[in-house]
Amino acid sequence: SRRSTSPCSGCYASRSRRGSSIKPAVLRGPIAVSQDTSAEPRWYAVRTRSRHEKRVHEQLAGRPQIDVFLPLWERRSRWKDRIKRIQVPLFPGYCFARFDPRAALDVRKCVGVATIISVAGELAPIPHAEIEAIQRVVTSELQFDPCPFLHEGDMIEVLHGPLKGVTGRLIRKGPKTMLLVAITMINRAVQVRLDAADVRKD
């Protein structure tokens, strides 16, 4: 049987930032659930070669036993005499895939895959909650930007709005509360501006 765990399969979200339209995208593929509960599919960070994120996504999305997630966002880029909006990976060099660990070799064989993030020689799974949190951020109407992951600050939980229940790391920047939602395995994060009244310390 097949199932999909993301609430936003194949969807797009738009937002405005200083007059520009930002359209983050979530690209995903189907998943077949393993019958072996001892090897249940889990999320992993797939490191790609430079500018191969979309190509890796396309290959993995075509495989029935792999669920793939590539968050994109639209940025403005100057091209000679004009400014063009282009879609780029939110976390350059990374694509996320959920699969049975026994399928790791198939993932590594994809053109453009450099490696699968591992620790001490073992595949390092990413908590499902972290992937889901990023999916909810990129499909919300809130303003967000990719940024370096910070190791300091309190963990907070969002109490209201489209990100209710999402937890992340708190930083302060101006009058707004800044929530950092991170994929800790690759030290990457996105930051979202929220009202201080909408969050609490986790």
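1. Let's start with the lining of the largest pocket in this predicted model. Strand β6 provides the largest share of that lining, with 3 residues. Three elements give two or more residues each to the lining of the largest pocket: helix α1 (53-61), strand β5 (67-79) and strand β6 (82-89).

2. If you would like to find this pocket on your screen, look for Ser50, Arg51, Glu53, Lys54, Trp73, Arg75, Gln87, Val88, Pro89, Leu90, Pro92 and Pro146, which line the largest pocket. Its volume comes to about 320 Å³. Sorted by class, the lining of the largest pocket holds 6 nonpolar, 4 charged and 2 polar residues.

3. Next comes the second largest pocket, with a volume of about 250 Å³. It is lined by 16 residues, of which Ala129, Glu130, Ala133, Thr167 and Gly168 are the closest to its centre. Two or more residues of this lining come from each of α3 (128-138), β13 (167-173) and β14 (176-183).

4. Which element gives the most to the lining of the second largest pocket? That is α3, with 5 residues. The class make-up of the second largest pocket's lining is 8 nonpolar, 4 polar and 4 charged residues.

5. Helix α1 deserves a look of its own. Its buried residues are Glu53, Val56, His57 and Leu60. Viewed down the axis of α1, these buried residues fall within an arc of 100 degrees, so they line one face of the helix. A general point helps here: an α-helix has 3.6 residues a turn, so residues three or four places apart point the same way. One of the buried residues of α1, Glu53, also appears in the lining of the largest pocket.

6. Now to a single residue, alanine 124, which sits in the loop between β10 (122-123) and α3. Is alanine 124 buried or exposed? With a relative accessible area of 4%, alanine 124 counts as buried, because buried means under 20%.

7. What surrounds alanine 124? Setting aside neighbours within four places in sequence, alanine 124 is in contact with Trp43, Tyr44, Ile117, Ser118, Val119 and Met185. Take the pair formed with tryptophan 43: the two are 81 residues apart in sequence, while their C-alpha atoms lie 8.7 Å apart in space.

How values were computed. Residues are numbered from 1 along each chain as its sequence is written. This is a predicted model: local features need pLDDT of at least 70, side-chain atom pairs count only at pLDDT 80 or more; totals for chains, interfaces and linings use all residues. Side-chain values use heavy atoms; hydrogens and water are left out. On a 1 Å grid over the protein atoms alone, a cavity is a set of points where a 1.4 Å probe fits but cannot get out, and a pocket is an open set with protein on both sides within 12 Å along at least five of seven lines; lining residues have an atom within 4 Å of a point. Grid points are joined across faces, edges and corners, and a volume is the space filled by probe spheres set on the points. Helices (H or I, at least four residues) and strands (E, at least two) are DSSP runs, numbered from the N terminus. Ala, Val, Leu, Ile, Met, Phe, Trp, Tyr, Cys and Pro count as nonpolar, Asp, Glu, Lys and Arg as charged, and the others, Gly among them, as polar. Buried means under 20% relative accessible area, exposed over 50%, partly exposed in between (1.4 Å probe, protein chains only). The arc is that of the directions from the helix axis to the C-beta atoms. Contact means heavy atoms within 4.5 Å.
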